[in-house]
Structures are given as C-alpha cells and as structure tokens.
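Trainee: Please take me in for a close look at one part of this protein, the pocket if you can find one. After that, follow the trail outwards as far as it makes sense.

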Amino acid sequence: MSDVSAVVLTIGEPFVGRALASLAAQTVPPHEVIVVEHVSPFFRAMNEAAGRVTTPFFVQVDADMILDPTCLEALRAGVGADTGMVVGELRDPLLGQVVG
C-alpha cells in the first residue's frame with residue numbers, strides 16, 4: 001500500500017475529472033485521493049487538505065493537471081529521511097518539460 005496521498009484542489013473547473021483519471025492511472029496509486037472544492041485562497045485550501053491527509057506524504061494536484069503515469073512513483077523515489085519537499089517535472093503542451 002502507498003504512503004502517499006493525493007490532494008486535488010479545485011474551484012469548480014469542468015476538467016477536474018482528467019486530473020482524477022490521471023491519479024487512477026498511476027503505477028504507484030495514491031493511498032487516498034482528497035478533493036478540496038471551492039476553498040480559497042490557496043493556503044486555506046492547502047490547510048484543509050493537509051488536515052485530511054492520513055499518510056506521511058502527499059502530492060498536491062491542481063484541477064488542470066494531468067499526471068504522467070509514473071509521477072507519484074518518481075516523486076516518492078526522491079523522498080529521503082531528511083527531505084522536506086520533492087519537486088518534479090511537469091509537461092506543458094507549449095513549453096515541453098518544466099519544473100513544477
């Protein structure tokens with residue numbers, strides 16, 4: 001079982017289903033998917049999400065993100081005993097791979 005949760009933040013975007021589908025297609029699926037809807041500003045949404053996470057680690061996913069199938073696996077591989085945060089690459093249709 002995974003020790004990573006996924007937190008999806010949405011303010012009602014019509015395409016949040018794509019983000020959720022990309023989480024369901026992960027090679028290492030999240031332990032849980034927590035959807036925080038209609039909470040702003042960002043820090044309040046993150047605080048609400050963090051309070052609901054039941055695992056040691058979580059990944060924050062915006063409603064407009066589509067994760068590569070190995071995203072959670074790659075991020076989790078970067079976590080060590082002294083790691084505070086792991087940042088991975090995102091793929092933008094116009095710019096290609098970007099850090100996000």
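What follows starts at the pocket and then works outwards.

Mentor: Happy to, but keep one thing in mind: this is a predicted model, so treat each value as computed from that prediction.

Let's go straight in. The largest pocket has a volume of about 570 Å³. How do you spot empty space like that? Rolling a probe the size of a water molecule over the atoms shows where empty space is left. Around the largest pocket stand 23 lining residues. The ones nearest its centre are F58, V59, Q60, L75 and V86, so put those on your screen and you'll be looking at the right spot.

Now, which elements supply the lining? Three of them give at least two residues each: β3 (57–62), α3 (71–77) and β4 (89–92). The biggest contributor is β3, with five residues. That fits nicely with the names you've just highlighted, as F58, V59 and Q60 fall inside the β3 range, while L75 falls inside α3. What about the chemistry? Sort the lining by class and you get 16 nonpolar residues, five polar ones and two charged ones.

Stay with α3 for a moment, and look for R76. Its side chain meets that of D3 in a salt bridge, 2.8 Å from N to O. D3 belongs to the segment before β1 (4–10) and R76 to helix α3, so the pair ties together parts that are 73 residues apart in sequence. Side chains of opposite charge can pair when their charged atoms come close. Are these two hidden or out in the open? Neither extreme: D3 has a relative accessibility of 25% and counts as partly exposed, and R76 is partly exposed too, at 29%.

How many salt bridges does a search of the whole structure find? Two. The other one is E48 with R52, whose closest N and O atoms are 3.2 Å apart. This pair works over a short stretch of chain. E48 and R52 sit four residues apart in helix α2 (residues 42–52), so about one helical turn separates them. E48 is partly exposed at 34%, and R52 is partly exposed at 39%. E48 also lets you place α2 relative to the start of the chain: its C-alpha atom is 10.0 Å from that of V7, although the two residues are 41 apart along the chain.

Helix α3 has another long-range link to look at. L72 has its C-alpha atom 10 Å from that of A25, with their positions 47 residues apart along the chain. A25 itself is in the loop between α1 and β2, and at 47% relative accessible area it is partly exposed.

Now slide along to the loop between β2 (33–37) and α2, which is where P41 is found. A cis peptide bond joins S40 and P41, with omega at about 0°. H38 is in that loop as well, and its backbone deserves a look: phi is near 60°, a positive value in a residue other than glycine. H38 counts as exposed, because its 58% relative accessibility is over the 50% cut-off.

Who comes close to H38 in space? One is T10, 28 residues away along the chain, with 6.3 Å between the C-alpha atoms. Another is G12, 26 residues away in sequence and 6.6 Å away, C-alpha to C-alpha. G12 is in the loop between β1 and α1 (16–24). Its relative accessibility is 48%, so G12 counts as partly exposed.

Last stop, the outside. M85, V87 and V99 make up a nonpolar patch on the surface, with about 360 Å² of accessible area together. Within that patch, V99 comes from strand β5 (residues 96–99) and is exposed, with a relative accessible area of 68%. Here's a neat detail to check on screen: V86, one of the residues nearest the centre of the largest pocket, is numbered between M85 and V87 of the patch.

So, for your notes, remember the pocket with β3 as its main contributor, the D3 and R76 bridge, and the cis bond between S40 and P41.

Definitions and conventions:
Residues numbered from 1 in each chain as written. Predicted model: local features only at pLDDT ≥ 70, side-chain atom pairs only at ≥ 80, totals over all residues. Heavy atoms only, no water. 1 Å grid on protein atoms, 1.4 Å probe; cavity = no way out; pocket = protein on both sides within 12 Å on 5 of 7 lines; lining within 4 Å. Points joined across faces, edges and corners; volume = space filled by probe spheres on them. Nonpolar A, V, L, I, M, F, W, Y, C, P; charged D, E, K, R; others polar. Patch = residues over 30% accessible without salt bridge, like charges linked within 9 Å, V, L, I, M, F, W, Y side chains within 5 Å. Areas by Shrake-Rupley, 256 points an atom, 1.4 Å probe, with all protein chains shown as cover. Salt bridge = Lys/Arg side-chain N within 4 Å of Asp/Glu carboxyl O. Buried < 20%, exposed > 50% of the residue type's maximum accessible area, 1.4 Å probe, protein only.
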